[in-house]
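Visitor: I'd like to go through this one label by label. Can you show me what we're dealing with, and then defend the words you use?

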Amino acid sequence: MNPNLYACVRIAEFPTQALLRLNTQLASQPVAVLDGRPPLQTVCSHNRHARLKGVSLGMTRLEAESISELHLLPRSLETEAAARIVLHECAAHFSPRIEAASKDTAATCVLDITGTERLFGPPQTLAERLHSALDSVGLRASIAVSSNFHTARIKALTSRSIIVIPDGQEALALGKLPLTALDLAEDPAETLAIWGIRTLGELAALPVSELVARLGPQAVAWRNLASGTLSHTFQPIEAEFTLKEFCDFETPIENQDSLLFIGARMIDCLSARAATRALSLASLAVAMQLEGNQIYQRTIRPAIPTIDCKFLLKLLQLEIAAHPPQAAVLSLTLTAQAGQSSKMQLGLFMPQTPEPSRLDVTIARLKAIAGEDRVGSPVLEDSHRPGIFRMQAFSVPMQTHKAPTMPTESSHPRMALRRMRPPVPVRVQLNAQQPVSFRSTEQAFRVSAAYGPWKTSGCWWSTDGWNAEEWDILAENTTGNSVACLLVHNCALNQWQLEAYYD
Amino acid sequence: MSQANDYIELHASSAFSFLAGASQPEALAERVQQLEMPAIAIADRNGIYGAARFHTMATKCSVKAHIGAEIAVSSFGNTLTPPDWLPHQYPSEPPRLLLLCASQIGYQNLCQLVTRFKMRETTKAEGAATLDDLEEFSAGLICLTGGEEGPLAAALAHKGRSEACKIVDRLTNIYGRANLYIELQRHQQRDEECRNQSLLHLASSLRLPVIATNGVRYATQKDREILDVLTTIRHHTSLDRAGRLLNLNNSREIHPAHHMAALFADIPEAVVNTRTVSERLNFTLNNLGYEFPHYPVPPGQTMDSFLAQRVEEGVRKRYGSPAKRSLLAKARTQVQHELKLIAKLGFAGYFLIVWDLIRYCQQHGILVQGRGSAANSAVCYALEITAVDPIGMELLFERFLSENRGEWPDIDLDLPSGDHREQVIQHVYEHYGKLGAAMTANVISYRGRSAAREVGKALGFDEDQLTRLSSLVGHWEWRGPNDTLAHNFAQAGFDVRHPRIAHYLDLCMRMQNLPRHLGQHSGGMVICAGMLNRVVPLEHASMPGRSVIQWDKEDCADMGLIKVDLLGLGMMAVLKDSIELIPRHYKKEIDLAALPEDPLVYETLCKADTVGMFQVESRAQMASIPHNAPVRFYDLVVQVAIIRPGPIVGKMMQPYMRRRQHKEEVTYPHPSLEPVLKRTLGVPLFQEQLLRMAMTVASFSGSEAEELRRAVGMRRSMQRMKDLEGRLRDGMTRNGIGPEAQDNIVQGISSFAMYGFPESHAASFALIAYASAYLKVHYLAAFTCSLLNNQPMGFYAPAVLIKDAQRHGLRVRPIDIQCSDWLCTLAVEPDSSLSLRIGLNYVKGLRQSSAEAILAARNQHGPFASVDQLAARTPELNRKELVALARVGALNTLSEVEHRRDALWQVEQAGRPVGPLLRTAAPTPIVSNPLLRMTTVERLAADYAGTGITTGPHPMAYQRAELRQQGILSAQELEGCVSNRTIRIAGFVIARQRPGTAKGFVFLSLEDETGIANIILTPNIFEQNRIVVTRSRFLMIEGPLQNQDGVIHVKAQCITPLESHGADIPSHNFH
């Protein structure tokens, strides 16, 4: 039986390579990639030209900027993700079994190339072809081939181009590599360092039982790793399960019903595919190519993942009705995100509640109409900012057995306030800094009593600070009707608003 | 109708409410002065922390300072918090009442009340009073019910008016109807106004007066921002998350009287009552009632007569020897003069109490020496408080004590740092009672770095950003024109125009010097006749067994409280340890008070061979001491004093050195000053000379001259200084001194008076410096051993001290499990010489308890036979400790251990925990060790990593051959080089300095196996090589050599880092 054979591909300085792959003009110039939030950005990767200029990892932006002719690029995780797909696609031409082994800023994957000799020739040839394939897509890789998974992986860390380790020569190949290649935890690494063990060969030469007596059973794995004998269970990357349906129309569609007819079929297909994996649809991204090169994009998110096609179609209909395409539709793409089906444990003695899915449908409908952050129950925020609240998802209140609070003298009924949404701008006339009359676009009022100003200000450290004065006003309009209302003076903008009426 | 000026603010908290107030007391007083308010009451949380400085400033501003405090009372439940349905983060804490001192009795009661509940806590804590406490200490106090922090606000909100009535009833019973006011505050908030209406109703129904206050938390509106930041710090949150903890608006400033009158226009009596109460508050801190303890004297004696007797005994003892008999008459005259003044000022008790402390130290074998201006006094010398003979040295008594000074003498006692000092402190507590003595406080204030960090946290910066931001706050002593915070920020890539960064910068600046919390002073103890807790509240310090008062040393001085400084001095501990070691190992007794003047010691000093010596070991001292070339004790006094900012800034050092080397003629600003300045070659160096100059040229009296010195020393007393300068010039004119000489004299006085060193202090320090030099020269082993056992102290790391001792011929033995003690010890070598054995305390990571277990096991059953036996006999040792010992070679003397790695191989197995089944089994036989012996470089790295020192060769010695090939010289070889020759030198950086007086120049000390080389970096060279200079441990320097009279410097032109060999030795930076 042929031994296993693995090829490890390592793309060093991946953030830089990913960016330069698409920007070949910079490839021959010093380039460093910055990571982190401004203003605290540091160099996370660089190319050879930059290294020769003195750039090192961890350098701050300021330090890097002082190096002449150095191009500083921000790290792009999207570009890296795209480059990683290219890497895997490239690798997939040589083996369907690929295991991702990326660490730090390098992109690493190991290919199980057992039995590929008749397809691609000896390992050296395969490695060369793989190397050249990667080179053609703009990725410089180091490749190590070994019959031991870890040997290939560790050797790829240190080799610059292609290395093929003959079967049985693993220990020899690894022997001179530094101990840091094993990526040990701090404690054993320190122990081995003070023992003077610096290379994998030196570690492999230590007597195993003595080693275990001193460093514990895990030392066996380290030693095997160092000698190239540690076995590995291959965990290949599975092809990503994507839920996507696309339909290119022969003639542009302007009728929504026609569109929904096609959409219903697509949703059926998506639901069925999800159901085969015991999944539901958590979101549905709608993309349409419109006439005039326009793109239409919306996303539907049911409150709970579902495969109820009618419900999803209803949501699609509501969404399209609320945001109709502005031109005839040339193509329709539906992309769904899979999610776990919702489950709820009911109790024998629990009162009957509406079916969760029905409530969710209602909430989903409301959200579809009103907006994601506008449905739920309002919760007050811990802030002095007037009127501040946020919406939180509905939840069943916890049963608490609080003793009923005794009414106190101070717990008299409070006056209710009817807020104006939005507040009504008014013009206010002042006398001795007190309002004496005010006028909105519709009515004029004479102030009979004014209490205030009640001052409130805050968030002075940020751009959304506030500084307002509130007045409780008793006023009469021209017809003699009296009102009790709340006037607010925005001191920063010097604007008055009728904020609310007291009931 | 109330008058606009009727309003007096009676409820103002300062920043001394610690994170609950945003303005310094001084700022409050100044603001009140600006608003023309005649008085204001300060009321800090649970104490009178800010009262003293508030009183001092208010006096200057002609504002009457009422004293009070917000007192937490646990019996009234909790403070008002927002209702449950509103999200908030308020902690529960007891409500606070405002108590104002109407009389001295009231003040004493307030202090006792605070002390009572503070000391009731077992540790340093806020604490709270009970109703019983309030009742016991109620006399002389006026009670205001407080604002939102008060008990009524909480009671009304939670339990209604009936509960509020009950509380008011209790308070009426305690303070009486005449002394209780219902407090109303108006910060333009609805809830507060609703409460006010209830309070008004309550007051009217109970017929109690109401009073208006503003519950001030800051002086001006803008300071609300600081208060918000402080609030977030107090609650460990950020501004974005603090929510309702922050103020609703910015109305807690000091409002002008007319504003308050308008706010309370509907309740005018509330404003009028503020004036009424203010008029009733008769107490100010002017009548504190502090009295220094009387010293108990035998019947028929007064303290003065008793003191005179002790002094006479002392004079006979000090001056009775034939060598000093010539001074006896002069000494008697001087002590008579001093005793007369002491009697007149009523200070006899103070001297006797300090004398008593000295006697305690002498009886218990504790080394003690007075420092500072006390050494000017013959009485202090006679009482053995000081060791410098003021008669022999012609020191000026007036610098210590003068009639017009109006303050108590200040005697600082140096004690060996550590247990002995603590013993003396505890003796004072025992002697004067827990409520009769306490340490002075040390107010910990926000400085650059702490402010930068805390403000950053408040603004929500993450840990990385905080570290970077706070690291931008420079810590060099010298700051260039560009070293501003804003510039540093811009350099580090922060956009200073970004609102958050702009706020950050602004807040960092404004937070500077605001108090953060209360610590304890390094040694100042206040003692009191009777109860100190009636003078100032006492509370627990963080350190067990210590209590502190609520004022710092400046406050104590301002308030006339007398403190005795019991300071810990590392070198005193070294001297003490040395004089114990010397008889044991050298068979000689040493009397530090009678050390001979030894030419060998002066010769060593002249060579700047001063590593480890007190006061003369620094880089600057080493550079100047060969120029001064001391040959007698007084030269050393000058040497100690001359490397100070005063003489350097005042440009006194260079003229003195030139004259000392006969390169410049000795001249005097005026011939009449020759007797005054003769000893210092015509250059004024000491504060006493300043006094004598004024006395000589302008016929000032001693006390006038002292007044002049103090006026010059205080930056803010410009007017006073001008008056005195006028008088000085008048006096000089009368004495016929010309304008040019007058200018010289005035310039001389003003340039160094601010920083000048008292001669007496220099002499006290010079005594210790000489003693340290004497011991180092003659008893190197004992001295080095004591130095190493009292680290950290001094200028150099232990690694440097050991290398220096080795260069002087001392054999230093490594740590050895079989013979090292916890501390370093001396041992006799086969050739009868003494060697130094490094103690186990130098093994990093080895606990003292483990080391003691090793010693106990060794003492009980003899040396250890093997690693396994060591592990078995000392189960207290854990694996990491065994590894630490093996790594530094401490186990090398065990049998079966061939080398360090062998030991490391064995301890890894011996140190692993064994299950109960195998515990009693015989140890597994050691299979041959597969590890290689450490190389020299590895051993060196292990030494430095494991102990911070090495007893083997210096790291540079291993590279010497290679360095020599590159033409790099050793430190010793520099002595043979001619000036201006470009040389190369390499070594380990043991010190980096950028002194404030050196205009940006940086000084490095490079050590190699032959000695220490001094390097100078110009500001430009430093800027070009900043990272290499500040980060590299080993450097190669190239540049021209300068040899000025044996003082050798290399002026760096090219700086290159050298490979460090893993030797991680700490260096002494930037001081």
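Guide: Sure, and keep in mind that this is a predicted model. Let's start with B:Glu664, which counts as partly exposed at 25% relative accessibility.

Visitor: What makes B:Glu664 partly exposed rather than buried?

Guide: Buried means under 20% and exposed means over 50%, with partly exposed in between. B:Glu664 has 25%, so partly exposed is the label.

Visitor: And B:Arg659, is that buried or partly exposed?

Guide: Buried: B:Arg659 comes out at 11% relative accessibility, and the cut-off for buried is under 20%.

Visitor: How do you know that B:Arg659 and B:Glu664 meet in a salt bridge?

Guide: The test asks for a side-chain nitrogen of Lys or Arg within 4 Å of a carboxyl oxygen of Asp or Glu. Here the N to O distance is 3.0 Å, so the pair of B:Arg659 and B:Glu664 passes.

Visitor: Why would such side chains pair at all?

Guide: Side chains of opposite charge can do that when their charged atoms come close.

Visitor: What makes B:Glu225 and B:Lys222 a salt bridge?

Guide: Their N to O distance is 3.5 Å, and the limit is within 4 Å, so the label holds. As for cover, B:Glu225 is buried with a relative accessible area of 12%, whereas B:Lys222 is partly exposed at 45%.

Visitor: What does the pair of B:Arg811 and B:Asp831 look like?

Guide: Those two side chains meet in a salt bridge at 2.7 Å, N to O. B:Arg811 sits in strand β15 (residues 811-813) of chain B, and B:Asp831 in the loop between β16 (825-828) and β17 (834-837), so the pair ties together parts that are 20 residues apart in sequence.

Visitor: Why are B:Arg811 and B:Asp831 called partly exposed?

Guide: B:Arg811 has 34% relative accessibility and B:Asp831 has 47%. Partly exposed runs between the 20% and 50% cut-offs, so both get that name.

Visitor: Which residues are linked in a network of salt bridges?

Guide: B:Arg45, B:Glu70, B:Glu93, B:Arg96, B:Glu149 and B:Arg217. Over all chains, the whole structure has 74 salt bridges.

Visitor: How do you know that chain B is as compact as a globular protein of its length?

Guide: First, its make-up: chain B has 44 helices and 24 strands. The radius of gyration of chain B is 33 Å, close to the 31 Å that the globule rule gives for 1071 residues, so the description fits. Its C-alpha trace spans about 95 × 95 × 70 Å along the principal axes, and 59% of the residues of chain B count as buried.

Visitor: Why is B:Ile983 called buried?

Guide: Its relative accessible area is 2%, and buried means under 20%, so B:Ile983 qualifies. B:Ile983 belongs to strand β18 (residues 982-993) of chain B.

Visitor: Over in chain A, which residues make the patch of positive charge?

Guide: A:Arg48, A:Arg51, A:Arg140 and A:Arg160 gather there on the surface. A:Arg51 is part of helix α2 (residues 48-52) of chain A.

Visitor: What makes A:Arg51 eligible for a patch?

Guide: Patch residues need over 30% relative accessible area and no salt bridge. A:Arg51 has 42%, so the area condition is met.

Visitor: And which residues make the nonpolar surface patch?

Guide: A:Leu380, A:Phe389 and B:Trp85, with about 340 Å² in the patch. A:Phe389 is in strand β14 (residues 389-392) of chain A, and at 42% relative accessibility A:Phe389 is partly exposed.

Key: Residues numbered from 1 in each chain as written. Chains lettered and ligands numbered in written order. Predicted model: local features only at pLDDT ≥ 70, side-chain atom pairs only at ≥ 80, totals over all residues. Heavy atoms only, no water. Patch = residues over 30% accessible without salt bridge, like charges linked within 9 Å, V, L, I, M, F, W, Y side chains within 5 Å. Areas by Shrake-Rupley, 256 points an atom, 1.4 Å probe, with all protein chains shown as cover. Lys, Arg positive; Asp, Glu negative; His and termini not counted. Charge placed at Lys NZ, Arg CZ, Asp CG, Glu CD. Helix = DSSP H or I, 4+ residues; strand = E, 2+ residues; numbered from the N terminus. Buried < 20%, exposed > 50% of the residue type's maximum accessible area, 1.4 Å probe, protein only. Rg over C-alpha atoms; globule rule 2.2 N^0.38 Å.
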